[in-house]
Structure formats: C-alpha cells, structure tokens
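Here are a few exercises to work through with the model open beside you. Try each task before you read its solution.

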Amino acid sequence: MIRVGIIGCGKMADQHALQIQRIPNAEIRAVCDSEPLMARQLAERFHVASAFTRPQDMLKAAALDVVHITTPPPSHFSLGKACLEAGCNIYVEKPFTLNMSEAEELIRCADQKGLKVTAGHNAQFTPVMMRMRELVNRGYLGGRPIHLESQYCYEFGDAGYAKSLLGDRGHWVRALPGSLLQNIISHGVSKIAEFLTGEHPTVMAQGFTSPFLESIGEPDIIDEVRVLIRDDATTAYFTFSSQIRPVPHQFRIYGPRGSLIVDDDHQILIELDNRAYKSYLRYFIPPFRFARQYVGNFKTNFGKFLRKDFHLPNDAALKTLIESFYRSIDGAAPLPLSYREILLTTKIMDDIFTQINDQRTNAHPARDPNRFKMQCLRS
Amino acid sequence: MRTMNNAGEHPAAQAAAGTGQDQSLVRADETILVTGANGYVGTRVVRMLLERGFQNVRCLTRATNPPSRLEELAGEFPGARVDIVKGNLLSCSDCMRAADGAALIYHLAAGVEKSFPGCFQNSVVTTRNLLDAAISTTTLKRFVNISSFAVYSNERIPRGGVLDESCDIDAKLVERHEPYAYGKAKQDEIVLDYAKVHGLPYVIVRPSVVFGPGKAKISDRIGTSTFGVFLHLGLGNRIPLTYVDNCAEAIVLAGLKPGIDGEVFNITDDDLPTSREFLRLYKRRVRSFFSIPIPYPIWYSFCSLWERYSKWSEGQLPPVFNSRGCSVYWKGNRYSNQKAKTMLGWQPGTPMREALERFFAYVKEREANEL
C-alpha cells in the first residue's frame, strides 16, 4: 500500500485526489493546507483521516511514502525539500520549481536520500501522447528527430482560472518570475525537452502582450511567446498564444523517414509516412489514407471509452503519471519522467523568461504599437 | 443633499422597516457594508439602501471589477456617501478595512466556480475572513448572510409537498455534485458557528431562482439544452422564482427589521408560474424553439442510470446528472414565502406577470442585439 499525503488543498489537489482514489494499493492518509478550512474540506470530501495546517506536523505524524505538492510554485522547493528530508518521495506539481538551481537541488537531495521525484508534466501522458511515444520507440521516425513543433496555447475567455487571475491583482501567478507563462508552458516545453539530446540547447525567445490584454489594461502579462530551440541535432519551435482559435495543443515530430502529428485536443494521432505516388495519384490516394487514419482514431478513442478507459485526457494522463510514479517507488518500473527531462524543461523555461524579461527591460517604456510585431529572433 | 428630520434621520430611513411605527435596526448615518456590491443583486441592494435614505453605504467589489454601475449610482444620490472599496475577501486586511465601523453587513459575494475547492474557498474562507473582521468591530448590529435555496434537501418531502425554512439542509451535496450549493451550505454552517461561539447577530436569506433583466438564462429547473435540444423537465412544476428587485428588497429588509436575529428566510415571489406556463410565455414573447417534454419518472431514471454509469466507470462521465439532484430540481414541490412576509413585512413589489414581461423583453432585446 502506497501511503499518500497531499500538501496544498486547492483545485489541483482535488484532481490528484480523484485519480489517487482510482489507483489500487494507494490511499490518501493525510492532507495539509495552511488554511485549516481548506484542509478540512478536502479531508471531508475524500474521507481522509487526518488534516493538518503545518507540513512538518503532517510529515511527523503520518507515515507517508509519497507526498503530492500541489501548492503555488514559490513553495515547491522548500516543501519538496522538507518532504525529502522526512523520507518521503515527492510528486511536485508544475512548474516543478521557480528556477534551475532549485530543481537541481531537489533532485540532488532525492538522490542522496535514495528517494524519487517526479514533476506534474501529466500532458506527457495523455493517451495520444502514449501512442505517439510507442511509435517513436518502435523506430517510426527512422532516426533521431530532425525537428519538433509544440503548440501549447491558452484561452482567457472561458477559463475560470484566467478570470480569477485577471480578477485578482495579488494572485500568486503574477508574482512568478515568468508570471502566467511559468504556470502553463511547462506542458508544452516538456514535450520538446523529451526529444532533445544535448545538455545545453540554444533558446531564442520572443514574448509580448497581446492586443487583447493591452486593451483590458493588463500590459504586464506576457501571453504571446514564440521560441526557437536548437541543440546538436534537433531544432524545435514552441508556440504559446492566447489569441489563436481554436486553441491548439499540438505536437509535431519530424524524422528522416516519417513524421507524426499529435492533436491533444481531439486525441488524434496522424502518421505522415514517406510513401511516394506517381503523378496525380499523390492527390487522390493520400486523402483516403488520411481518412482511414481519422476513422482509426475514432475507433481507438471510442473503444477505450466503451472499456471505461477514456477519462478526460488530462485526468487520464494524471492517473497514468501518478500510477507510473508509484510503480517506480515500489521498484517495479523506471521513473515516468527522467530527471534530465525535468531539468531540461526548467532550463529552457529559465532561458525563455530571462530573454523576455530582458526584452521588457530594454523596451522603450512608451507604448509603441510596433513592439507587438515579431522581431528577428535573437539568441 | 437630502433633508433630514430633527432626529437626524431621513424620513425614508425611518420607514425602512416597512411600517411607520417600526424602528430600523440601523440609523441612517450608520455604515452599511455590502459585499458583492457590483453583482446582479448587490447593485440593487445598494440602490434600495440609498433610496431608503441611508447615508453611508460601503461597497466592497473585486479589484478589477469595473465600478461604473456603482459610480453612476453614487452620482444619483449626491447626499449620500457611497464608498467603493476594492478588495478581495480572501485578504484578512481587506476584510478588516471593509468591515471597520460597519453597523450592518450584507454579505452577497459568492463563489460561483465550477470546482468544489474553488466554491468553498470563495464562499467559506471568504466568509470566515469577513466574520473575523465583523466580530472584531464593536459597531456590528447584524450580519446578513446570503445563502441559496439550493442547499435544501427535499428527500423527505413528497411530490407536491411544501418546501420551507423548516426543511432539512442537504447533507449530501457532494453526491449531488453541486460545488455552489456545497459552498453555500458550508458558508451557512460557519455563520452558525460564529453565532454560537462569538454571539454573532445574524440573519440568513435563501433566495430562490433570481431572474430579471440582466440575466438571460432559462433556469435549469425548467429545462436544459445540454444535449443539443431543449429538454423540458419542469412541466407542471411551480418554479421557485424571485424577481431581482423583489429579492433585493427582501434582503434589505432582512438587515433592517429589528428582532429577527437568528432567523432564516426563503425568498420566492407570489403567483409562481408552472414550468409549462413559463416556457409557453417565453416562446411567445422571445422566440419559438423546439422542446421535448420529459416526464419526471423518465428523467429520474435517466439521472439514476447516469449516476450509476459514472460510478461504474470511475468518473469517465462525471455525475452531473444524479438522482438526488434530479429530485431537488424536478420532483416538483410547493414553496412558501409566508415567513418572509410575516416577519420581514416583505411583499413582492413587482407582480410576477410584470416581472416575467420585463424579463422576456430584456431577453428578446438582447438576442436581437446579438444577431
């Protein structure tokens, strides 16, 4: 039995608790929140025996195997370290830490203690991402990826989260070094980090505030980012936008022999094979082949639904990640996310924020409409 | 500037409690705090307080809410002081600032998020912060807590039975999958705790479905378009409606009427239409659309099946349709507003027929503008 604790009893904690309850041999033994009412409500709704307001009390009183840290990011490092020092494995929600040095320190600490760490990059484990990874591992690309494209976008309009952010000048997201970006883009960046092989990729980022946010008096939030990443053998584009409709969450991976398109919004995986057709046949046969692939995706998704194995992709992904992490704690499987991937994601994000903040600092304070235009990417 | 009488009270404030002889709990010059003052009901509560001659109305609104409506309102009453305080009820210091010196607090701010923790935080934690601030001020005479009709259970009331203030609060709101109602029930609990432990003088108001110009939605109690076609679920049920101005009036009276501390008031208007009547009028006045009438036993069976599937599939479909919720919203009860009428001296000022016509006119105009 994996004995689980949760620190931070807000919305993310609910999502974790729902998925943990679905995992055999796992039990939430304690929850903790500095706000006693929040700790109590989570414990009450999920029938958890103990609720605490101080992490040290929880770590002392409850014998836990793993602690999920679902607090706002500024506390991830200190709480993570406290849990590791108390002998608990940790699942840290995204963004893993505020910066690279904190991430390295946490992982170093875990290694020293013989404990395990994972980050909340659950978007890596949606059903369609798992299918994509399986194909890549089987050699579908025909070699190392040549190029990657990750689009992880966002919509201010509907999301309650964005409303609470924009409605609250003191929201913790505003205080993050990367503000809104830091709380969201790790999902899209980690997809790229997984397939980079070099340790020190070059990152070239350009960020700006959308006309929409400018128009509602939010010039301090960057919500448009374009990034070019390059390492020894692979290049990548990362796009974050709050303006593109429909809001895309897509990943494309291009290899020397074949390429793949992952549409996370609709859980569709499309294979772009390197088959050649003579003359006009290239215009007639591939549409049928693509249609067959789309029907295949429908069958896969609906089949999983009928087998009650198609929970909303983010929920399904969260369960897969948590379950895989618990198996790795038991020693039955490797870590679901390599430390290299977690660290590289953090490093790329650090580089993006540094460059964007530099651009902001150097920008002329006057509101110049031309500054919204994309400039040449700079290293 | 408005004229004051010798006692220093505006004549309207003297009559605040509704009868010539009754005293108002608060004087016209005492400070009244309204949280959620920029909201649908809150704005009307502020207006009614000003119309009654209260001179110091403090309006707490979110930092980024455009205060224009309240500023316009303040402009209409130049003799009164309308303080627009921007703040967040999750901040204890904002609560202290807002509650400082208040004789009466109308707590209308609510969490209307989709998640349980979101609703809980924005209903319960915020209320606790406000209550801490309220009990620390020596001036408080009453805390009016705005709850919701949704907190009741009708499990023990037969179809057609009366739902009133004496009915049970639903202890299984998590099973009903209703974060808003859960947050409101817990909010009520914390108010009762503070009354017990700190002697908080309180009144709880539970409005039914608030409707009127400014809100175009057809209540779920009438039907739902979730499946792409309008399913008419209410059929012959009386729909517990309260016109927004009538509701605001009841809330105002719940703060002003002396001698009602510790009471709970349900607010529904008179002459409630059946769901069928409402829909027929809607189609006639606003636009015609296709709807499928679904008898309660069939809908109840569907909700029960959905709930069972949700459980079997470990939430592959969330239990948004479930038997408890179905019973509360569509079983069909009668509703009493007798207590509010008797103890508050409240009468729905806008008759139901007129309220409905105003609502339909608003929806029609809005839909025309959207085209």
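Domain bounds here come from an automatic or database domain assignment. This is a predicted model, in which local features need pLDDT of at least 70, side-chain atom pairs count only at pLDDT 80 or more, and totals for chains, interfaces and linings use all residues. Residues are numbered from 1 along each chain as its sequence is written, while chains are lettered from A and ligands numbered from 1 in the order in which they are written.

**Exercise 1.** Find the domains of chain A and describe the contact between them.

*Solution.* Start with the bounds: domain 1 of chain A covers 2–119, and domain 2 of chain A covers 124–324 + 346–360. Next, take the centres over C-alpha atoms; those of domain 1 and domain 2 of chain A are 27 Å apart. Then count the contact (C-beta atoms, placed from the backbone, within 7 Å): 17 residues come from domain 1 of chain A and 16 residues from domain 2 of chain A. On the domain 1 side, helices H1 and H5 (100–113) of chain A each give at least two residues; helices are DSSP runs of H or I, at least four residues, and strands are runs of E, at least two, numbered from the N terminus. H1(A) has the largest share of that side, with 3 residues.

**Exercise 2.** In which order do the 6 strands of the open sheet in chain A lie?

*Solution.* Strands pair if DSSP finds at least two bridges between them. Following the pairs gives E3-E2-E1-E4-E5-E6 in chain A, with parallel pairing. E3 (50–52) and E6 (117–119) of chain A are the edges: each has a single partner strand, so one side of each lacks a neighbour in the sheet. From one strand to the next, the twist averages 25°, with axes fitted as lines to C-alpha atoms (for helices, over the stretch in contact) and angles running from 0 to 180 degrees between N-to-C directions.

Now look at one pair. E4 (residues 66–69) and E5 (residues 89–92) of chain A run parallel and are joined by 4 bridges; His68(A) has Tyr91(A) in E5(A) as its bridge partner. Helix H4 (residues 76–85) of chain A packs on the sheet, touching E1 (2–7), E4 and E5 of chain A, at about 160° to E5(A).

**Exercise 3.** How many residues of chain A are in contact with chain B, and which helices supply them?

*Solution.* Count first: 21 residues of chain A are in contact with 20 residues of chain B. Then assign them: H1 (11–20), H2 (36–45) and H7 (160–166) of chain A each supply at least two residues of the chain A side.

Methods
Contact = placed C-beta atoms within 7 Å.
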